[in-house]
Amino acid sequence: METTKKNLREPIVCVLGHVDHGKTTLLDDIRGTTVAKKEAGGITQKIGATEIDKNTLETNIKNYFKNIQVTIPGLLFIDTPGHVAFANMRSMGGALADIAILVIDVNEGLKPQTIESIDVLKKYKTPFIIAANKIDMIPYFVSSKDTSFKETLSKQRKEYVDFLDEKIYKIINDLYVKGISSDRYDRITDFTKSFAIVPISAKLNIGVPDILMVLTGLAQRFLEEHIQFESKSTRGSVIEIKKEGSLGTTLDTILYQGVLHKGDKIALNTIAGPAVTKVKAIIATGKKGMVEKESIKSAAGIRILITDKLDVLSGTSIIAIKGSKTDAAFNELINESKPDIKLSENGITIKAEAIGSLEAIAYEMEQNKINVREAQIGDITKRDIINVSTLNNPLDRVIVGFNVNTSGDAKEAMETNNAKVISGNVIYSMIDDLTKWLEFKKNEIEEEKKNNKPVPSKLVIMPDYIFRAAKPVIVGIKVLSGRVKVGDKLINGKNKYAGTIKSLRDGDVNHQFADKGSELSCAIDGVTLNRQIFPDEDLYVDVPENVVKEMKDQDMDPDVKTTMEELIKIKRKDEQFWGF
Ligand code: GDP
């Protein structure tokens, strides 16, 4: 009997979560359900996604949950797990996945990539369920495998059940803090109000029927509009591109709308902009491996061979063109290839391999209050290095590259240019590195500023070391207190200008500053010896009033303090309240 009342396509499902929480193992379990037991070891080569057809879905669910009617034609699981993959697979600006599974290690709880996953799921408004994995690691576990959670639970002792509850409550609480209300799926009465938590052990293949049941139930109840089969237009999302020698290019694609035929004209996004090409062959995974098809209906994971060698942008759509709809398709593709990122006048530069990950990184930067000045798709090039190294603000001279390469000449350019590159494939650790670098840079700038600030200092012109009387004056000096620096303005005891220090030299070595006790030769600009300044005369560094005010509350060297007090006295002869 036909139970598919409406014309629906398979909902597309993506698996997300923190590293090592069990995404790959869960996907292996799911793949296992599609192959007969005896060939379970020999999983056929896959293209981007694993389909569980309606019959398999029904059998798996009905073994444990008698009352569920399956009306969807199946489920299509994207084989590449992770929130970045999720963000990079798009359908017309939104997420390609209709629903997601967020895997959380029940013993570890929420981790950085769990939070990042929640962020992207929220951003794309994608409904999701939570798989609380590794329930076999909870104390008092009575062994079980290849079954439902429901069945497993019925075998457990009270101690285990209590421990499990404790762990689940912890997750419920932590999710609540993130604005997500959730509960164990078998305790939920209204699925519009709570996110479902399904306890599983991916390793022992426990809980997959429960997951399939909850996904099916949610899709049938809440996603019907979303997963209507559309025959009017044909679209897919390109997830992997390979150039195959003289053959052309292959595009691993998730077809999410309509029917694609061999020979169809398709529009797609390339690095150079939208382009049109032709479908030379369609390859799909059949029961016995890869097969060539004349046509294929969505949803499906397929490999498309195109005749042209194109630099197709991963994560963007292909649109089959019928008649003369090229312009409309191109407009849509252009829109889709523009990242939705708020740029600031100042800030860092980010680069990523695809639009979705670029947006995901920009979002995490925003969460960390780091401004983004430039966001681009592609590898880090020499031009990028040159561009950032010439920026005014030293804090902007950094490029964060996600899943991209740094070209050889860019690496060379880094050695001679003042630019930092932080690259990797884990967003949160890159943000960690960036935050540390920014902090370090800020301190360095602060330190530099401090070093450039004039310090209350006193020096004397040594009468036995007069080398030149003017343009500039060159004399031996002794620093009596503080730190004298190149660029410091000097005054005498009567608050009269006494020249500007042009250089400090000790033998053949130039110095930028000289501390108390140093004796060295000093070039003084702007004055003439024996006119404005005199041998044996004490001179002071002319410290601006605001610097003195700032210093008053700070700890300082006792003789710097004395010099500061002398300076204040000198200044107050002309200005009664100087430095107050
Ligand atoms: P991913 O990084 O999220 O894809 O995590 P994997 O699926 O690669 O799993 C990480 C590790 O956890 C592997 O060593 C798995 O064998 C282990 N693992 C996954 N699921 C379970 C589970 O349910 N129980 C236990 N004990 N280990 C698990």
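I take buried to mean under 20% relative accessible area and exposed to mean over 50%, with partly exposed in between. The model I am reading is predicted.

**Entry 1: Asp146 and Asn530**

I first looked up Asp146. Its relative accessible area is 40%, so I record Asp146 as partly exposed. I find Asp146 in the loop that runs between strand S7 (128-133) and helix H5 (149-154). I noted its backbone as well: phi of Asp146 is near 50°, a positive value in a residue other than glycine.

I then turned to Asn530, which is not a glycine and yet has a positive phi, about 70°. I place Asn530 in the loop between strand S30 (519-525) and strand S31 (538-541).

**Entry 2: cis peptide bonds**

I checked the omega angle at Ala299. The peptide bond that leads from Ser298 to Ala299 is cis, and its omega is near 0°. Ala299 sits in the loop between strand S16 (295-297) and strand S17 (300-306).

I made the corresponding check at Pro472. Lys471 and Pro472 are joined by a cis peptide bond, with omega about -15°. I locate Pro472 in the loop between strand S23 (458-468) and strand S24.

**Entry 3: Gly482**

I followed the chain to Gly482, in the loop between strand S24 (473-481) and strand S25 (483-485). I count Gly482 as buried because its relative accessibility is 13%, and the limit for buried is under 20%. I also took the distance from Gly482 to Lys158: the two are 324 residues apart in sequence, and their C-alpha atoms are 74 Å apart in space.

**Entry 4: strand S19**

I asked how many of the five residues of strand S19 (residues 348-352) are buried. I found that five of the five are, so strand S19 is largely enclosed by the rest of the structure. I then sorted its residues by direction: Ile348, Ile350 and Ala352 point one way from S19, while Thr349 and Lys351 point the other way, and all are buried.

I looked next at what S19 pairs with. With strand S20 (residues 372-377), S19 pairs in the parallel sense over five bridges. Within this pairing I noted that Thr349 stands opposite Glu374 of S20, and that Lys351 has Gln376 of S20 as its bridge partner. I also traced the connection: S19, helix H9 (residues 355-367) and S20 make up a right-handed β-α-β unit.

Strand S21 (residues 398-402) also pairs with S19, again in the parallel sense, over four bridges. In this pairing I find Ala352 opposite Phe402 of S21.

**Entry 5: Thr349**

I returned to Thr349, which lies in strand S19. Its relative accessibility is 4%, so I count Thr349 as buried. I then looked for a side-chain partner and found Arg373: a polar contact of 3.5 Å joins the side chains of Thr349 and Arg373.

**Entry 6: the ligand**

I asked which of the 15 residues around the ligand come nearest. I list Asp20, Lys23, Thr24, Thr25 and Asp136 as those that do. I then looked at where the shell comes from: helix H1 (residues 23-34) gives the largest share, three residues. I sorted the residues of the shell by character and obtained three nonpolar, seven polar and five charged.

I went on to individual atom pairs. A polar backbone atom of His21 is 3.4 Å from an oxygen atom of the ligand. For Ala202, a polar backbone atom is 3.0 Å from an oxygen atom of the ligand. At Ser201 I find a polar side-chain atom, 3.1 Å from an oxygen atom of the ligand. I closed with the cover: of the 580 Å² of accessible area that the ligand has on its own, the protein covers 75%.

Methods
Residues are numbered from 1 along each chain as its sequence is written. This is a predicted model: local features need pLDDT of at least 70, side-chain atom pairs count only at pLDDT 80 or more; totals for chains, interfaces and linings use all residues. Side-chain values use heavy atoms; hydrogens and water are left out. Buried means under 20% relative accessible area, exposed over 50%, partly exposed in between (1.4 Å probe, protein chains only). Helices (H or I, at least four residues) and strands (E, at least two) are DSSP runs, numbered from the N terminus. Two strands pair if DSSP finds at least two bridges between them. A crossover is right-handed if, with the strands pointing away from the viewer, the path from the first strand over the helix to the second runs clockwise. A residue is near a molecule or strand if one of its heavy atoms lies within 4 Å of it. A polar contact is a pair of N or O atoms within 3.5 Å; within protein, one must be able to donate a hydrogen and the other to accept it, and residues adjacent in sequence count only if both atoms are side-chain atoms. Accessible areas come from the Shrake-Rupley method with a 1.4 Å probe; for residues, only the protein chains shown count as cover. Ala, Val, Leu, Ile, Met, Phe, Trp, Tyr, Cys and Pro count as nonpolar, Asp, Glu, Lys and Arg as charged, and the others, Gly among them, as polar.
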